[in-house]
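Let's practise reading a protein model together. Keep the sequence and the 3D view side by side, and try each task before you read its solution.

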Amino acid sequence: MDANVTLATGDPNLAADHEYPLQVDNLRKSFGGITAVDGATFRVERGTLTGLIGPNGAGKSTTFNLITGVHQPDSGSVTFNGEDVTGLEPHQVAGRGMVRTFQIARELGEMTVLENMMLAPQNQIGEQLWRSVTPGLRGRVVDQEAELLERVWETLEFFEIDHIAEEYAENLSGGQRKLLELARALLTDPDVLLLDEPFAGVNPSLERRLVEHIHTLRERGYTFLLVEHDMDLIMENCEHVIVLHQGRVLTEGTPAEIKANEEVVEAYLGGNV
Ligand SMILES: Nc1ncnc2c1ncn2[C@@H]1O[C@H](COP(=O)(O)OP(=O)(O)OP(=O)(O)O)[C@@H](O)[C@H]1O
């Protein structure tokens, strides 16, 4: 990969005055009688690859959903770059620069990689750009589309999937799909990326590439919060690990600290991993 490639996808350093871009305070969410998240409190440091782990049912996915506005918390707050974003709609959260990767929906499988990319900003941050198609603004929209196309190609090249730009998304391998999902998320000018099981179903060689890309982006200032069941991947790649158990933070620390923590081992043995 060319280390000098410049991605025209935003500048995460613009918001760099917040050392911890994401803060979650005392977040709670119940579904009927089940408490999925029970007072989770943690923060994510800028420019890190932070892992969110925990046994099955610990509340990881629900926490992601609460952070990104998919679910509304019963109480507690989510702060992003100093702004309270609790209760905002997913596109509003994404529009502020906190984006989670989405699996390519079935209907998008019938579109090419390039078409998927061109639709990414529209899908994830609402339709501001497209809504502005009024006769007087047409010239500006054409400029914006040309600019978007240029960014799309740069991003595809960065992820080394430009050669499959005309391929239908449904024909991609699991790993290529994950690269496309990350490429789509990057087009929305994120600052913080939330990745939910980014390596599931990815073959080892593409997994290495995906890991490398994530590290390159992290070095450029992007911040990652990652839910992943593959413990080796978490321990080898994250500088900080947060352990959720029964909806709250059991402990957090470096991978070495987490590995040596007996409470963590017990939580995993007690849960059915
Ligand atoms: N929409 C929902 N309705 C009812 N219960 C839910 C809902 N979403 C999550 N739960 C419950 O909340 C708890 C936490 O689930 P969650 O999916 O957040 O955990 P997780 O840590 O992501 O688990 P896994 O590792 O198995 O994906 C579980 O008991 C789950 O059954």
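Below are four exercises with worked solutions.

This is a predicted model, in which local features need pLDDT of at least 70 and side-chain atom pairs count only at pLDDT 80 or more, while totals for chains, interfaces and linings use all residues. Residues are numbered from 1 along each chain as its sequence is written.

**Exercise 1. The ligand shell**

Task: find which helix gives the most to the shell around the ligand.

Solution. Start with the residues that surround the ligand, among them Phe-31, Ile-34, Gly-59, Lys-60, Ser-61 and Thr-62. A residue is near a molecule if its C-beta atom, placed from the backbone, lies within 6 Å of it. Next, look for elements: β2 (34–44) and α1 (60–67) each supply at least two shell residues. Here helices (H or I, at least four residues) and strands (E, at least two) are DSSP runs, numbered from the N terminus. The helix you want is α1, with three residues.

**Exercise 2. Two domains**

Task: describe how the domains of the protein chain touch.

Solution. First mark domain 1 (21–97 + 190–273) and domain 2 (106–189); such bounds come from an automatic or database domain assignment. Then look at contacts: 14 residues of domain 1 meet twelve residues of domain 2. Two residues are in contact if their C-beta atoms, placed from the backbone, lie within 7 Å. On the domain 1 side, α2 (90–95) and α8 (204–219) each supply at least two residues. The largest share, four residues, comes from α8.

**Exercise 3. The sheet**

Task: work out which strands are the edge strands of the four-stranded sheet.

Solution. Write down the order of this open sheet, β2-β1-β4-β5, with antiparallel pairing. Two strands pair if DSSP finds at least two bridges between them. As an example, five bridges join β1 (residues 22–31) to β4 (residues 75–80), and Asp-25 has Ser-77 in β4 as its bridge partner. Finally, look for strands that pair on one side only: these are β2 and β5 (83–84).

**Exercise 4. One residue**

Task: decide whether Glu-19 is buried or exposed.

Solution. Locate Glu-19 in the segment before β1. Recall the cut-offs: a residue is buried if 20 or more other C-beta atoms, placed from the backbone, lie within 10 Å of its own, exposed if 12 or fewer, and partly exposed in between. Glu-19 is exposed because it has 9 other C-beta atoms within 10 Å. Leaving aside neighbours within four places in sequence, Glu-19 is in contact with Glu-45 and Arg-46.
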